[in-house]
Amino acid sequence: MYDVAIVGYGPAGITAAIYAARRRLKTLLVGELPGGEVLNSGVIENWPGVETTDGITLAQEMVKHLQQHRQQVEIVQSKVLKISKESEQFVLDYGVNKTSQAKAIIYAAGRHPRKLSVPGENEYTNLGVSYCATCDAPLFNDKTVAVVGGGNTGTEAVIALQSIAKKIYLLHIGKQLPADPVLLENITSNKKTEVIVGAKTVRVIGDKVVQALEYEDLASGAVKSIPVDGVFVTIGAIPNTEPVKGLVKLDKWGAIVADRYGRTNQAGFFAAGDVTDTRDAQIIVAAGHGCSAALSVSDYLARNQ
Ligand SMILES: Cc1cc2nc3c(=O)[nH]c(=O)nc-3n(C[C@H](O)[C@H](O)[C@H](O)COP(=O)(O)OP(=O)(O)OC[C@H]3O[C@@H](n4cnc5c(N)ncnc54)[C@H](O)[C@@H]3O)c2cc1C
């Protein structure tokens with residue numbers, strides 16, 4: 001029986017595990033992807049003390065740091081299918097008859113990309129449709145691509161593509177791009193990029209691979225088509241809360257409702273990072289949440305043993 005089981009191998013889970021180890025808690029960390037979304041974060045310029053780095057390097061450094069605490073933290077690279085509460089303990093179910101028990105949980109499973117849900121999207125996923133510019137931009141050398149979604153992730157995708165692709169369309173459903181001004185300056189001054197606002201994507205067209213994207217011009221109602229070799233979908237993310245549905249309170253977007261100390265409505269169940277109803281999906285915020293959740297667990301166990 002572990003004192004605490006942490007689900008998630010991103011900055012929230014890793015930070016929580018480091019703090020739990022320093023509190024000498026018997027800790028289990030279960031996560032699928034070591035480093036989490038940091039791996040896909042491209043250039044990172046907002047992690048204090050490091051002026052600029054890339055996501056892969058920062059993720060590797062976080063994992064290396066955690067591994068120094070292996071005496072206290074057992075790490076299992078796996079997917080958790082379900083978490084339930086039996087009497088006063090939590091049970092983590094990995095399938096194939098494998099389970100673990102813990103007195104407390106820190107759930108830090110992040111989010112996954114939201115889909116457009118239009119015809120052609122699933123058919124051409126990995127055949128031109130991508131959800132990760134950092135991973136797939138190099139595949140579009142000298143090609144024409146569309147980025148759908150004008151928030152920070154979309155504009156960062158455009159920036160990643162500007163040195164690779166021949167032409168980039170940035171489509172946004174609203175009238176104004178909601179991205180940070182510092183990112184927008186980068187794309188509006190670039191001649192390769194054409195911004196189309198008030199555009200609702202309706203179809204991805206292809207023949208074995210992507211060939212075009214169809215959108216509705218919301219001002220006129222006209223459906224227009226642009227020839228593209230690739231479509232990057234950057235329209236937000238869905239919290240990975242499937243394993244805890246019914247166990248803990250979620251908001252209308254499916255995110256875990258947690259207070260600033262990571263406490264939820266379920267005693268002994270704490271949450272951290274992008275999987276919560278946080279406003280700010282950022283590495284530093286996720287790490288801060290992980291710290292607070294681990295200290296909350298330490299406090300909870302001290303009061304309940
Ligand atoms: C393209 C892009 C660029 C970004 N750029 C920046 C940036 O420049 N600066 C910045 O601060 N932030 C940036 N972010 C945001 C940042 O990556 C996230 O806010 C941060 O990684 C969230 O950390 P987390 O630990 O909450 O979740 P994640 O990093 O998403 O980690 C979640 C972990 O949980 C695991 N997991 C999920 N479900 C399960 C399950 N059922 N069982 C077991 N494990 C599971 C995952 O495999 C992963 O290990 C960017 C994000 C993206 C997508």
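Reader: Which of the 33 residues around the ligand come nearest?

Author: In this predicted model, local features need pLDDT of at least 70 and side-chain atom pairs count only at pLDDT 80 or more, while totals for chains, interfaces and linings use all residues. Residues are numbered from 1 along each chain as its sequence is written, and side-chain values use heavy atoms, with hydrogens and water left out. A residue is near a molecule or strand if one of its heavy atoms lies within 4 Å of it. Around the ligand, those that come nearest are L33, E37, V80, D274 and I283.

Reader: How far is an oxygen atom of the ligand from a polar backbone atom of E37?

Author: A polar contact here is a pair of N or O atoms within 3.5 Å (within protein, one must be able to donate a hydrogen and the other to accept it, and residues adjacent in sequence count only if both atoms are side-chain atoms). A ligand nitrogen is 3.3 Å from a polar backbone atom of E32, and a ligand oxygen is 2.9 Å from one of D274. For E37, the distance from a ligand oxygen to a polar backbone atom is 2.8 Å.

Reader: How much of the area that the ligand exposes when taken alone is buried by the protein?

Author: Accessible areas come from the Shrake-Rupley method with a 1.4 Å probe, and for residues only the protein chains shown count as cover. Alone, the ligand exposes 1,000 Å². The protein buries 89%.

Reader: Which helices and strands each supply at least two residues of the shell around the ligand?

Author: The shell divides into 15 nonpolar, 13 polar and 5 charged residues. For that split, Ala, Val, Leu, Ile, Met, Phe, Trp, Tyr, Cys and Pro are nonpolar, Asp, Glu, Lys and Arg are charged, and the others, Gly among them, are polar. Helices (H or I, at least four residues) and strands (E, at least two) are DSSP runs numbered from the N terminus. At least two shell residues each come from α1 (11-22), β3 (43-44), α4 (152-162) and α6 (283-304).

Reader: What is the order of the open sheet of 5 strands?

Author: Two strands pair if DSSP finds at least two bridges between them. In this sheet the pairing is parallel. The order is β10-β17-β11-β12-β13.

Reader: Which are the edge strands of that sheet?

Author: An edge strand here pairs on one side only. That holds for β10 (129-130) and β13 (193-197).

Reader: What is the bridge partner of V147 in β12?

Author: β11 (residues 144-148) runs parallel to β12 (residues 167-172), and 5 bridges join them. Across from V147, the partner in β12 is L170.

Reader: What angle does the direction of α4 make with that of β12?

Author: α4 packs on the sheet and touches β11, β12, β13 and β17 (230-233), where contact means heavy atoms within 4.5 Å. Axes are lines fitted to C-alpha atoms, for helices over the stretch in contact, and angles run from 0 to 180 degrees between N-to-C directions. For α4 and β12, the angle is about 175 degrees.

Reader: And the sheet of β14, β15 and β16: what is its pairing?

Author: The 3 strands form an open sheet in the order β14-β15-β16. At the edges, β14 (199-207) and β16 each have a single partner strand, so one side of each has no neighbour in the sheet. β14 and β15 are joined by 8 bridges. The pairing is antiparallel.

Reader: Which residue takes a positive phi in the hairpin of β15 and β16?

Author: β15 (residues 209-217) and β16 (residues 223-227) pair over 5 bridges, with Y215 opposite K224. The hairpin has 5 residues between the strands. The one with a positive phi near 85 degrees is G221.
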